[in-house]
Amino acid sequence: MAHLILARVAASITELKRNPMGTLAAGGGEPVAILNHNEPAFYCVPAGIFEALMEKLEDWELNAIADARANQGEIAVTLDDL
């Protein structure tokens, strides 16, 4: 069965166990697909990419909240409330 691998570099779990940092470095700063019996099991993602991904997810969630609130109409606020 064919499997979609969303990384340019792939390594086996055995390679990861043997040299974890070397396996991650082989990705050249990009995610590395870790294969178990030639099927993707998980991805090793460098910290910088993971942090950027989490920021994008947070932005996406905040935009969804802002969009929902934009459609609510006007809200009465007094200076004392501020």
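The following paragraphs describe the overall form of this protein, its surface patches and the loop between two of its strands. The model is a predicted one.

The secondary structure consists of three helices and three strands. Read from the N terminus, these elements follow the order β-α-α-β-β-α. The chain has 82 residues, and a compact globule of that number would have a radius of gyration near 12 Å. The protein itself has a radius of gyration of 21 Å. Along the principal axes, its C-alpha atoms fill a box of roughly 65 × 30 × 15 Å. As for burial, 12% of the 82 residues count as buried.

The surface carries a nonpolar patch of about 1,100 Å². Its members are L4, I5, L6, Y43, V45, I49, F50, L53, M54, L57 and W60. Helix α3 supplies the largest share of this patch, with six residues. Another member of the patch, L6, is found in the segment before β1, the strand of residues 9-12. L6 has a relative accessibility of 61% and therefore counts as exposed, since the term applies to values over 50%.

A second patch on the surface is negative in charge, and E51, E55, E58, D59 and E61 form it. One of these residues, E61, is placed in helix α3, which covers residues 47-70. How exposed is E61? Its relative accessibility is 48%, so E61 counts as partly exposed. That class lies between the buried residues, under 20%, and the exposed ones, over 50%.

Attention now turns to the loop between β2 and β3. Strand β2 covers residues 32-36 and β3 covers residues 39-44, with H37 in the loop between them. N38 also has its place in the loop between β2 and β3. What is the sign of phi in H37? The value is positive, near 55 degrees, although H37 is a residue other than glycine. N38, likewise not a glycine, has a positive phi of about 65 degrees. Are these loop residues buried or exposed? H37 has a relative accessible area of 72% and is therefore exposed. N38, with a relative accessible area of 67%, is exposed as well.

Taken together, the description joins a protein of three helices and three strands with a nonpolar patch to which α3 gives the largest share. It also includes a negative patch containing E61, a residue of α3, and a loop between β2 and β3 in which H37 and N38 lie.

Methods: Residues are numbered from 1 along each chain as its sequence is written. This is a predicted model: local features need pLDDT of at least 70, side-chain atom pairs count only at pLDDT 80 or more; totals for chains, interfaces and linings use all residues. Side-chain values use heavy atoms; hydrogens and water are left out. Patches are made of residues with over 30% relative accessible area and no salt bridge: like charges are joined within 9 Å, nonpolar side chains (Val, Leu, Ile, Met, Phe, Trp, Tyr) within 5 Å. Accessible areas come from the Shrake-Rupley method with a 1.4 Å probe; for residues, only the protein chains shown count as cover. A salt bridge is a side-chain nitrogen of Lys or Arg within 4 Å of a carboxyl oxygen of Asp or Glu. Lys and Arg count as positive and Asp and Glu as negative; His and the chain ends are not counted. The place of a charge is taken as NZ of Lys, CZ of Arg, CG of Asp or CD of Glu. Helices (H or I, at least four residues) and strands (E, at least two) are DSSP runs, numbered from the N terminus. Buried means under 20% relative accessible area, exposed over 50%, partly exposed in between (1.4 Å probe, protein chains only). The radius of gyration is taken over C-alpha atoms; the globule rule is 2.2 Å times the number of residues to the power 0.38.
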